Amino acid sequence: MKALISNDDGITASGILASKKAVEDLCETYVIAPETQQSGIGHALTLYEPLRVNEHTLKDGSKGYGVSGTPTDAVTIALFEIMDEKPDIMISGINTGYNLGKAELTTSGTLGAAIEAASFGIPTIAISQEVTRDDIKFENGENEVDFDFAGEMLNKLAKIVLKKGLPDGIDLLNVNVPANPTDDEFEVANLSERMYVPVIDTRLDPRGKPYYWIGGEEYTSHNPGSDGHALHSLKKTSITPIKIDLTSDMESLRKWLK
């Protein structure tokens, strides 16, 4: 069996190596990811400039490939150029920082890579690790993150996926691991409303012209049964089934049009 492992944190991220370590006893692994940090880029695809692929020696001495583009680019190059056959499973992560809620489904590069693989019928797991400090994600502090428990949960879940595949109607699993878990069980959960409320910081450059930084304040109202509630209130690993088909109620639309 073969596993494709990618992410949005980049080929040198510690989390992608943790994913490889978690499943390398189950299948042959191919690590193919963006060359650089691509968080928040969603499901973007590069169409107006060429892509390059660079071979990397990972920290464990094994081989990986860095793609000069987005997570979706990396998955596309992996499936149609580097790998000689479709993998049995795709893993996106382990991401540094959680990916909770409805908004993250389309903005997260971790989910972008996962959605691309799942769209080709590959059983897919997107997995993210909660961090306790905001500076770790973007300030090269991810080496401080302990991915051991997340790796154990990934190994457990990957065994099930490789044995059974995913249930009918489920394209991928979005998994979020708490920093201080209460147990090693999965909490099946729906998507929270949001993870962040956007905050725009307006500043002036030396010539007096405005420029903007987009940030966010955490939205903490996670309803019981949601991924945010599982992670923050229960301190349990949330697992959310995702279906790529976003088509809503067509009959309601037909009635509305009349």
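**Exercise 1.** Determine which residues of α2 meet which residues of α4, and describe how the two helices are arranged.

*Solution.* Step 1: P71, T72, V75 and T76 in α2 meet G109, G112, A113, E116 and A117 in α4, where contact means heavy atoms within 4.5 Å. Helices (H or I, at least four residues) and strands (E, at least two) are DSSP runs, numbered from the N terminus. The model is predicted: local features need pLDDT of at least 70, side-chain atom pairs count only at pLDDT 80 or more, and totals for chains, interfaces and linings use all residues. Residues are numbered from 1 along each chain as its sequence is written, and side-chain values use heavy atoms, with hydrogens and water left out.

Step 2: By class, this contact of α2 with α4 has 4 nonpolar, 4 polar and 1 charged residues. Here Ala, Val, Leu, Ile, Met, Phe, Trp, Tyr, Cys and Pro count as nonpolar, Asp, Glu, Lys and Arg as charged, and the others, Gly among them, as polar.

Step 3: The axes of α2 and α4 (residues 109–118) come within 8 Å and cross at roughly 30°. Axes are lines fitted to C-alpha atoms, for helices over the stretch in contact, and angles run from 0 to 180 degrees between N-to-C directions. The crossing angle makes α2 roughly parallel to α4; angles under 35 degrees count as roughly parallel, over 145 as roughly antiparallel, 65 to 115 as roughly perpendicular and the rest as oblique.

Step 4: α2 passes α4 in a right-handed crossing. A crossing is left-handed if the near helix is turned anticlockwise from the far one by less than a right angle, and right-handed if clockwise.

**Exercise 2.** Describe the packing of α1 and α6.

*Solution.* Step 1: Helix α6 (residues 148–164) packs with α1 at an angle of about 50°, their axes being 8 Å apart. The two helices are therefore oblique to each other.

Step 2: S19, A22 and V23 of α1 make the contact with G151, L154, N155 and A158 of α6. These residues divide into 4 nonpolar, 3 polar and no charged.

**Exercise 3.** State the strand order of the sheet and locate α2 upon it.

*Solution.* Step 1: The order of the 9 strands in this open sheet is β3-β4-β2-β1-β5-β6-β7-β11-β8, with mixed pairing. Two strands pair if DSSP finds at least two bridges between them.

Step 2: β3 (53–57) and β8 (186–188) are the edge strands, each pairing on one side only.

Step 3: Helix α2 (residues 71–82) lies across β1, β2, β3, β4 and β5, and runs at about 135° to β2.
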